[in-house]
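Hi,

Here is the structure I promised to pass on. Have a look at it first, and then read my notes below.

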Amino acid sequence: MALDGIRMPDGCYADGTWELKMHVTDLHRDVSLRVTGEIHIGGVMLKLVEKLDVKKDWSDHALWWEKKKTWLLKTHWTLDKYGIQADARLLFTPQHKLLRLQLPNMKHMKVKVNFSDRVFKAVSDICKTFNIRHPEELSLLRKPRDPKKKKKKLEEAEEDDLELQGPLLTPGSASEVIYIGPVKGSIYSSPGLYSKTMTPTYDSRDGSPLSPTTAWFGDSPLSEGNPSILAVSQPISSPDILVKLYKPQSLLDKAKINQGWLDSSRSLMEQDVKENEVLLLRFKYHSFFDLNPKYDAIRVNQLYEQSKWAILLEEIECTEEEMMMFAALQYHINKLSIMSSDNHMNNSEKEVDEVDAALSDLEITLEGGKTSNSLGDITSIPELADYVKVFKPKKLTLKGYKQYWCTFKDITISCYKSKEEAHGTPAHQMNLRGCEVTPDVNISGQKFNIKLLIPVADGMNEIWLRCDMEKQYAHWMAACRLASKGKTMADSSYNLEVQNILSFLKMQHMNPDPQFIEPITTDINPECLVSPRYLKKYKNKQPGSIRDMISARILEAHQNVAQMSLIEAKMRFIQAWQSLPEFGITHFLAKFQGGKRDELIGITYNRLIRMDASTGDAIKTWRFSNMKQWNVNWEIKMVKVEFADEPCLSFICAEVDCKVVHEFIGGYIFLSTRAKDQNESLDEEMFYKLTSGWI
């Protein structure tokens, strides 16, 4: 046509076509195509490939619209439908790109991930490849920035960190990259590892899959090296690693770390993640479902590693006795992990039954597992009645604990001045539904306290209970924890909760028979087992051979765990981590409606907590079970939560996108719907409905 080459003032040609500018990232070439708005995306890509005339598999490529941060994946849509005009610039780029993934064990791995998939789907594919069940519990987190380090030094530190930790893959393997998820037409396509019908053979000491299961890894380079490497805990090689890693100094620092969680309903590219960027794969939701050592060797190990680093980097508080218990478990796990495979493979058949027996009541669920013993008398609800010391802390008070005869019925504690008055009117009565329960225990000092924050109309009433001995404390603590969830002692998890508390206390005892304590050796390396704060405390308290002093305490505590198998020790470590008062609380900086200053909102698997930003003390608690609905005003970043019998909770997110907070609430609601009798497939659409806010 004569008008073909005539260009109009608006940039379009007289025949109705216009030039679409594209950049081909693989070839570093800019290409222009004459198109109309009626051409569909598939046709654009076909024209582009024909014009490039390069023999290459383009099946993984797609168009990315830079300005709008959008993948053009609906190939049947036209340019007009997408709103693309002559001023647009598109990238023709692979969907699978390289990512440097830091696993919970702090090791780095190069993976090829689909940058066009939603993060929830990308994490599911990663977990499937790594044989980690229940990927809905994990997500991707940006690396926290240490504000004390300058940008240049920070980049150098990151590179040092990568080199320091070393590659996870076996050196000399055919490929250094693991491909995540299926790639059309690619030799790297892998269906993933986990199958509902698999019947794995597992190692009785570390729970890792034995050689026949190498086939699970398909085309993954993991199969070329050691397929169980992700299930093996590697000791920290040098205390310098702890020094270099970022440690949050306050609750505000912890809240800033949580700003880095990626949006699960958007793709990596949409969130400005660059190729070859370092992202952290972490357990985001602290609600670990159906944790089974037979099938979850890698999941258990990575959970153990995440909990270990949380304690060493002081992301969660613990007492000195608890720290020594954690150090002893680490030392024990390190010892068993480096044993030769021949030794424990010879004993595997004999130990399988022992491990099964030891773990039968070690199911790690925050709601408590079901015990194997009989249900007992289910026609009556158990009660507690004993002398307990009670204390109501008030400002400028000099009064101490006062002894009462206390009865615990259903979810209520009644306090009487004496046992003889128990049939009359109680002096005090406390309904524990929705309360906060915090332990305050010192084994060596024989202190067994329970701190209760009981919800009232204008906030929380603080009550302290003091027990005389471990057994009494275990029963009252277990009853308080269940009552806070609205459950009584008739619940099947009560006895297991009591046993878990007693087991946790037993591991902290520091006075075993000295003749059974191992001699101090150079392989303990206490600087790698104890957090820097306790190292400093010992240095200030008793200068001298700090290393020997801490080693002696670790070896003393080790006697309580020395008979555990490797997988049992890891499960005990996870369980002890879950018993810490601060476990599972994700902090965000927020301004509450009617409040004058910034405070913290803490989100756990079953409640929201309003907290003092400087002390971390709970001001008010709201249970999810009492929640009617929640919504977000995206313009002013305000989250509003409505409850059945309480005033609405409204707060504005500070320094973080309210979408992150919204996703945590919806995510925990989603996880609460899981059941053991349902199949392994995830209801992705339900997750997006609960967490996305706009789908």
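Before we get to the strands, one definition: two strands pair if DSSP finds at least two bridges between them. Helices (H or I, at least four residues) and strands (E, at least two) are themselves DSSP runs, numbered from the N terminus. Keep in mind that this is a predicted model, where local features need pLDDT of at least 70 and side-chain atom pairs count only at pLDDT 80 or more, while totals for chains, interfaces and linings use all residues. Residues are numbered from 1 along each chain as its sequence is written, and side-chain values use heavy atoms, with hydrogens and water left out.

Let's start with β11 (residues 384-391) and β17 (residues 459-467), which pair in the antiparallel sense over three bridges. Phe391 has Trp464 of β17 as its bridge partner. Both strands belong to an open sheet of seven, in the order β14-β13-β12-β11-β17-β16-β15, with antiparallel pairing. At the edges sit β14 (428-431) and β15 (436-442), each pairing on one side only. From one strand to the next, the twist averages 30° (axes are lines fitted to C-alpha atoms, for helices over the stretch in contact, and angles run from 0 to 180 degrees between N-to-C directions).

Now go to β10 (residues 278-283). Is it buried or exposed? Six of its six residues are buried, meaning under 20% relative accessible area (exposed is over 50%, partly exposed in between; 1.4 Å probe, protein chains only). Val278, Leu280 and Arg282 point one way, and Leu279, Leu281 and Phe283 the other. In a regular strand the side chains alternate between the two faces of the sheet. What does β10 pair with? It runs parallel to β6 (residues 96-102) over three bridges, with Val278 as the bridge partner of Arg100. With β8 (residues 138-142) the pairing is antiparallel, over five bridges, and there Arg142 stands opposite Leu279.

On to the helices. The 15 residues of α11 (residues 470-484) should span 21 Å at 1.5 Å a residue, and the end C-alpha atoms are 21 Å apart, which agrees; the expected span is 1.5 Å times one less than the number of residues. Of those 15 residues, 13 are buried, so α11 is largely enclosed by the rest of the structure.

In α17 (residues 684-691), the buried residues are Phe687, Tyr688, Leu690 and Thr691. They fall within an arc of 165° (taken from the directions from the helix axis to the C-beta atoms), so they line one face of the helix.

Cheers
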